[in-house]
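Reader: I have a model open on my screen and would like to know what backs up the labels people put on it. Could you walk me through the reasoning, one label at a time?

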Amino acid sequence: DQQEWAAKYAGRDPEGFKTFVAKAPVVVPLKDLPNGDDLQDTEDLDQATMQVAKMMDIEAEDIKKYGA
């Protein structure tokens with residue numbers, strides 16, 4: 001999703017882009033993980049996930065929509 005932005009940034013500021021890449025977290029879409037489709041479609045959220053969500057004032061519907 002950020003490919004166009006990243007290409008422009010790398011062209012403008014190669015050293016800054018290298019720093020960004022070195023510090024950026026690795027994000028893997030659930031669908032790209034083994035059994036990822038199963039993880040995306042999970043209806044039941046585990047107790048630990050719900051406890052953390054409650055502490056962060058996040059609704060179960062948001063977790064289901066955007067992922068845990």
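**How the labels are earned**

Author: Gladly! Let us begin with Thr49, which sits in helix α4. Please keep in mind that this is a predicted model.

Reader: Why is Thr49 called partly exposed?

Author: Thr49 has a relative accessible area of 22%. Buried means under 20% and exposed means over 50%, with partly exposed in between. The value for Thr49 falls in that middle range, so Thr49 is partly exposed. As for its surroundings, the C-alpha atoms of Thr49 and Ile63 are 8.9 Å apart, with 14 residues separating the two along the chain.

Reader: What makes up the chain as a whole, in helices and strands?

Author: There are five helices and zero strands. Read from the N terminus, the order is α-α-α-α-α. Of the 68 residues, 9% count as buried.

Reader: How do you know that Lys8 and Glu4 form a salt bridge?

Author: The test asks for a side-chain nitrogen of Lys or Arg within 4 Å of a carboxyl oxygen of Asp or Glu. For Lys8 and Glu4, the closest N and O atoms are 3.3 Å apart. That distance is within the cut-off, so the pair counts as a salt bridge. Both residues belong to helix α1 (residues 3-12), where they are four residues apart, about one turn of the helix. Glu4 has a relative accessibility of 57%, so Glu4 counts as exposed.

Reader: How many salt bridges does a search of the whole structure find?

Author: The search finds two. Besides the pair in α1, Glu15 forms a salt bridge with Lys18, and their closest N and O atoms are 3.5 Å apart. This value also meets the 4 Å limit, so the name applies here too. Glu15 and Lys18 lie in helix α2 (residues 14-23), three residues apart, about one turn of the helix.

Reader: And why are Glu15 and Lys18 called exposed?

Author: Exposed means over 50% relative accessible area. Glu15 has 52%, so Glu15 is exposed. Lys18 has 53%, so Lys18 is exposed as well.

Reader: Which residues does Phe17 touch, leaving out those up to four places away in sequence?

Author: Phe17, which lies in helix α2, touches Ala6, Tyr9 and Ala10. The C-alpha atoms of Phe17 and Ala6 are separated by 7.7 Å, although the two residues are eleven apart along the chain.

Reader: What makes Asp57 worth a second look?

Author: Its phi is near 60 degrees, a positive value in a residue other than glycine. Most residues other than glycine have a negative phi. You will find Asp57 in the loop between α4 (47-55) and α5 (60-66). With 67% relative accessibility, above the 50% cut-off, Asp57 counts as exposed.

Reader: Which residues line the second largest pocket, and of what kinds are they?

Author: The lining consists of Asp1, Gln2, Pro25 and Val27. Pro and Val count as nonpolar, Asp as charged and Gln as polar, so the lining divides into two nonpolar, one polar and one charged. The space in this pocket is about 220 Å³.

Reader: How do you know which parts of the model the predictor is confident in?

Author: The score to look at is pLDDT, the predictor's confidence in each residue, from 0 to 100. The chain averages 77, and 72% of the residues score at least 70. Among the elements, α1 has the highest mean pLDDT (92) and helix α3 (residues 36-40) the lowest (49). Over residues 38-42 the pLDDT is below 50, and this stretch has four contacts in the model beyond near neighbours in sequence.

Terms used. Residues numbered from 1 in each chain as written. Predicted model: local features only at pLDDT ≥ 70, side-chain atom pairs only at ≥ 80, totals over all residues. Heavy atoms only, no water. 1 Å grid on protein atoms, 1.4 Å probe; cavity = no way out; pocket = protein on both sides within 12 Å on 5 of 7 lines; lining within 4 Å. Points joined across faces, edges and corners; volume = space filled by probe spheres on them. Helix = DSSP H or I, 4+ residues; strand = E, 2+ residues; numbered from the N terminus. Buried < 20%, exposed > 50% of the residue type's maximum accessible area, 1.4 Å probe, protein only. Contact = heavy atoms within 4.5 Å.
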